[in-house]
Amino acid sequence: MKKEKEGILLESGTNEIEIMKFTVLGEFYGINVAKVREIIMSEKVKPMPHANPAVEGIFKPRDSLVTVINLAYYLSGTRPENGSRDLFIITNFNNMTVAFRVQGIEGISRISWKDIQKPDKTIANGDESVATGIAQCEGQLVTILDFEKIVAEIAPETTIQVSEIEAMGDRPLCDSPILIAEDSILLRRMIDDSLERAGFTDIRNFTNGQEAWDYLSSIKDDSDLYEKVNLMITDIEMPEMDGHRLTRLIKEDSRLKKIPVIIFSSLIDEQMRKKGRDLGADEQLAKPEIGHLVAVIDELLKKYKHDMAALQNPSKRTEA
């Protein structure tokens, strides 16, 4: 699995994902292989008092303590008896290591993000939805779970903190048009709220990279393109088109490439940073660093406006 994982991580903008399929209570679920550090047999867990009911407790596989979340309990509200062949999926995202108890691993499927469909409104009930997409893998319908949302619900302090924005104090209003591509309803709302509190008044949301690309494609030949969009913020994991593919398309377009792109994702690590740099991303930040995101937006918008002014007035650029 490690070799396959490294292979897809090092490829750029292919719009493909490797899904690890696993079972909980007889149903098929999926997780992006990029979030998986390792799979181990379940071990004895030390319960923690006053923890969320979905948290079994902690264990120490090597030198660090790891929290174990019982997915069966989280998904159903019931706690079946732990099986002797249960597995722990050890994940790493948002700079955290968390283990999830599952009943079995069914293998890995490599598919296009285009083959992952958004759940419709009868399934995805606003912020309550824990499914980010539905994929068909080798004839099986697999529900892709929003692991960021699961952890955020169980431990709210681990996700985006609006207090980081409030600590900045009063900020001037900014009407620069900012586009955001983020499939998680919960995180999209939290990002919007944070940026609005930081003074950004013109924010347009898209639920995946394809929607964002369709919009950019529709305006890229407009004479006022650079007034309609000043900055793009994108997640990596999204149905239909991921953030890496979106970044690649933007940076390969002669007009759109001038627009700054920030990749804001729970998957940012050294490998992902290299991939993002190769694709032309202007900045890459790990969730939930919302305060850092605002500082980077400020800097990129300042540079963008300076570059646009120089583009519109070449004589000033020459004088400078």
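In this protein, 67% of the contacts with a separation of 6 or more are made by residues that stand 24 or more positions apart. The model is a predicted one, and its secondary structure consists of 11 helices and 16 strands. The points below go from the whole chain to a single residue, Thr234.

**Overall dimensions**
- The protein has 320 residues, for which a compact globule would be expected to have a radius of gyration near 20 Å, and because the protein has 21 Å, the two values agree.
- When the C-alpha trace is laid along its principal axes, the protein spans about 75 × 45 × 40 Å.

**Burial and surface**
- Among the 320 residues of the protein, 52% count as buried.
- The accessible surface of the protein amounts to about 15,400 Å², and carbon and sulfur atoms account for 47% of that surface.

**Charges**
- The protein carries 41 positive and 54 negative charges, and the mean position of the positive charges is 3 Å apart from the mean position of the negative ones.

**A closer look at Thr234**
- Thr234 belongs to strand E14, which covers residues 231–234.
- Thr234 has a relative accessibility of 1%, and because buried means under 20%, this residue counts as buried.
- If neighbours within four places in sequence are left aside, the residues in contact with Thr234 are Ala181, Gly243, Leu246, Thr247, Val261, Ile262, Ile263 and Phe264.

Terms used
Residues numbered from 1 in each chain as written. Predicted model: local features only at pLDDT ≥ 70, side-chain atom pairs only at ≥ 80, totals over all residues. Heavy atoms only, no water. Helix = DSSP H or I, 4+ residues; strand = E, 2+ residues; numbered from the N terminus. Rg over C-alpha atoms; globule rule 2.2 N^0.38 Å. Buried < 20%, exposed > 50% of the residue type's maximum accessible area, 1.4 Å probe, protein only. Contact = heavy atoms within 4.5 Å. Areas by Shrake-Rupley, 256 points an atom, 1.4 Å probe, with all protein chains shown as cover. Lys, Arg positive; Asp, Glu negative; His and termini not counted. Charge placed at Lys NZ, Arg CZ, Asp CG, Glu CD.
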